[in-house]
Amino acid sequence: DYVYTETEVMTWGSHESRIEAQESRINELEVRCAGFVTPEMFGAKGDGETNDFNAFEAALATGKIVVLGAKPYLLKDSITITSPVIGQGADNTTILFRDLAANDVNPATGDPVKNFKASYWCTLTGSGKICDITVKTETGCQCLVCVENSNGAEVSGCILESATNILCKGTFWCDTNNKNFVMRNTTSICRTTGVGGIWVRERFADVVSDGITIDGCTIIHQG
């Protein structure tokens with residue numbers, strides 16, 4: 001049998017590294033050509049500690065499908081989703097909202113509340129979708145996920161979760177002017193003070209939502 005010299009092994013290792021780097025560039029090109037992007041293409045770390053908000057915003061701004069890795073993404077500001085965002089399973093992919101510097105008022109009482117955001121963390125509009133992701137907040141909010149002014153929006157295979165000891169009106173709010181919205185196989189977990197759960201508003205004034213489907217979902221309220 002032929003025995004490789006140390007020089008040949010080192011040379012092959014160098015070639016192998018170049019091949020791996022080239023394959024990585026080819027894979028990224030394939031993803032871009034296929035109409036997919038990832039937050040990592042725009043600098044996301046996905047370590048649960050670094051604020052990946054800017055990278056997320058850049059990925060969403062492309063209007064392409066955003067594919068998330070099996071990791072936690074920390075976001076310290078609200079996002080609006082108008083195209084599909086797909087994870088690797090709710091047990092593997094997490095979008096975590098946290099802004100412990102937030103200070104706002106309780107919309108129900110007008111009282112100041114520390115660590116509270118009197119709005120939605122994640123809003124789906126147009127044909128926005130979130131699939132196979134855990135979406136969690138550690139900072140109080142009026143609602144974690146909201147859908148409004150949509151047509152064909154979807155939440156499927158997700159876990160929507162609020163942390164303990166925060167004020168949260170609910171994990172999901174289906175507001176007005178939604179057409180053909182679908183929520184399937186999604187679990188709402190409320191560990192908060194507040195109402196919690198899933199809200200659907202079919203009509204507000206003259207604005208009507210139509211074709212709303214909620215199927216196979218579970219609500220867990222531990223507050």
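Student: Is Ser 209 buried or exposed, and how is that decided?

Tutor: The idea rests on relative accessible area, where buried means under 20%, exposed over 50% and partly exposed in between, computed with a 1.4 Å probe on protein chains only. Ser 209 has 8% relative accessibility and therefore counts as buried. Its place is in the loop between strand 21 (207-208) and strand 22 (213-215), where helices (H or I, at least four residues) and strands (E, at least two) are DSSP runs numbered from the N terminus. This is a predicted model, in which local features need pLDDT of at least 70 and side-chain atom pairs count only at pLDDT 80 or more, while totals for chains, interfaces and linings use all residues. Residues are numbered from 1 along each chain as its sequence is written, and side-chain values use heavy atoms, with hydrogens and water left out.

Student: What separates Ser 209 from Asn 149 in space, and what is the phi of Asn 149?

Tutor: Their C-alpha atoms are separated by 8.9 Å, although the two residues lie 60 apart along the chain. Asn 149, whose place is in strand 12, has a positive phi of about 50° although it is not a glycine, and with a relative accessible area of 46% Asn 149 is partly exposed. Asn 180, in the loop between strand 16 (178-179) and strand 17 (182-184), is another non-glycine residue with a positive phi, near 55°, and at 45% relative accessibility Asn 180 counts as partly exposed.

Student: How is confidence read, and which element has the lowest mean pLDDT?

Tutor: pLDDT is the predictor's confidence in each residue, from 0 to 100. The mean for the protein chain is 81, and 76% of its residues reach 70 or more. Among the elements, helix 1 (residues 6-33) has the lowest mean, 52, and strand 3 (residues 72-75) the highest, 96. Over residues 8-12 the pLDDT is below 50, and this stretch has 4 contacts in the model beyond near neighbours in sequence, a contact being heavy atoms within 4.5 Å.

Student: Which residues of helix 2 are buried, and where do they lie around the axis?

Tutor: In helix 2 (residues 53-61), the buried residues are Phe 53, Ala 55, Phe 56, Ala 59 and Leu 60. They cover an arc of only 160°, taken from the directions from the helix axis to the C-beta atoms, which puts them on the same side of helix 2. On the other side, Asn 54 and Ala 61 are exposed. The elements covering the buried residues include strand 1 (36-37), strand 2 (65-67) and strand 3.

Student: Which residues of the largest nonpolar core touch the most other members?

Tutor: In soluble globular proteins, nonpolar side chains tend to be buried together. A nonpolar core is a set of buried Ala, Val, Leu, Ile, Met, Phe, Trp, Tyr and Cys residues joined through side-chain atoms within 4.5 Å. Here the largest has 35 residues, of which Ile 79, Phe 97, Ile 130 and Phe 172 touch the most other members. Helix 2 gives the most to this core, with 5 residues.

Student: How many disulfides are there?

Tutor: A disulfide is a pair of cysteine sulfur atoms within 2.5 Å, and by this rule the count comes to 0. Cys 122 is in no disulfide, the nearest cysteine sulfur, that of Cys 158, being 9.1 Å away.
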